[in-house]
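I opened the model today to look up a few features. My notes follow in the order in which I went through them.

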Amino acid sequence: MILQRLKYANQFQKDKSAKPLRHLISGSSLNISSSMSSLSVEDIKTTGTSLSPEDEVMKELECPVCLDFMYENIRMCEAGHNICFGCSDKLNTCPLCRKNMLVGTRNRALEKMASRMTFPCRYHTAGCSESYPATLLSQHLLVCPRRPYSCAVDAANCNWKGQLHQMVSHLQEEHHEQLWAEQSVTFVYTKFDGTNMDVLHVLGGEMFLIHRRIDTTKQLFYATVQYLGREENAKQFKYTVRIFRLDGRKSVSYQDMTFPDTQNVDTILESANCACWCMDFVRSFITNGELWCTVEVSYL
């Protein structure tokens, strides 16, 4: 690796118009996202295209296992090959040379180089055009609208993963009974044993996940609505949960803004920042063994 970099350094000295490598890795940041997102390593092998200095640095930061960019906790093998922390933690030997991995040893020089660069989002092939410095990239990956989603209504038992826009098709094929398209969704409870069921609500091209819980230990009834999509869009919608008696004698409702899919639903429920009623109160709405509940989503 050192000989390879000396080779490039000598090449730059011959070309007076080229900037030396030390200039490329100094300063506040180095934006390599546009070139690397359009030129893959496979393209270089097949076409013979030479790497620019920026792409050469970026190639060093590509994990040979997952092909993702390495920008923190970069690990090495005995021969000096770089592997990201996530992959090295699962390996005993290097996938390139089969030498042992150096447990706990980090390539801090390469990490320092990475800290000065701007990286394209990991999901750029899925359509994300955002780029961030290494210090902010992890935060973006958690909220990127192009990140892969698990099945919204049965993540515990369903192995499906895909883009958000593919979610409806998946539910139509596998969970059609948990897919609703009306503005107001009506649920009829006949069991109060703590069974939970989430429902995907599609309205005007937007997707909302209706969460309903009955906690038999705390004797509480919960309901809330989660917006699926860009985090900032969740503030544009409100939901109303209403339980009522069929004889019209009484009803009660709760209204709030939808919360984004970057927040954990269990945190929302535990904080009672949602429709939350004690079961003794809820039982007073039961008519002929049935509890009727409606959930409606609309623009603020």
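**Confidence.** I began with pLDDT, the predictor's confidence in each residue, from 0 to 100. This is a predicted model, in which local features need pLDDT of at least 70, side-chain atom pairs count only at pLDDT 80 or more, and totals for chains, interfaces and linings use all residues. Residues are numbered from 1 along each chain as its sequence is written, and side-chain values use heavy atoms, with hydrogens and water left out. For the protein chain I noted a mean pLDDT of 83, with 82% of the residues at 70 or more. Over residues 1–47 pLDDT stays under 50. The model has 53 contacts (heavy atoms within 4.5 Å) beyond four places in sequence for that stretch. Where pLDDT is low, the predicted coordinates should not be read in detail.

**Four-stranded sheet.** I took helices (H or I, at least four residues) and strands (E, at least two) as DSSP runs, numbered from the N terminus. Two strands pair if DSSP finds at least two bridges between them. One open sheet has four strands in the order β10-β18-β14-β15, with antiparallel pairing. Why is one side of β10 and of β15 left without a neighbour in the sheet? β10 (184–189) and β15 stand at the edges and each has a single partner strand, so one side of each stays free of a neighbour in the sheet. Ignoring direction, neighbouring strands of this sheet are turned by 15° against each other on average; the axes are lines fitted to C-alpha atoms, for helices over the stretch in contact, and angles run from 0 to 180 degrees between N-to-C directions.

I then went through the pairs. Six bridges link β10 to β18 (residues 291–299) in the antiparallel sense, and Phe 187 has Cys 293 in β18 as its bridge partner. β14 (residues 237–244) and β15 (residues 251–257) run antiparallel and are joined by seven bridges. Ser 253 in β15 is the bridge partner of Arg 242. β14 and β15 form a hairpin with six residues between them. Gly 248, in the turn, has a positive phi of about 75°.

**Three-stranded sheet.** I also found an open sheet in the order β3-β2-β4, again listed with antiparallel pairing. Its edge strands are β3 (82–83) and β4 (101–106), each pairing on one side only. β2 (residues 75–77) pairs with β4 over two bridges, in the antiparallel sense. Arg 75 stands opposite Arg 106 in β4.
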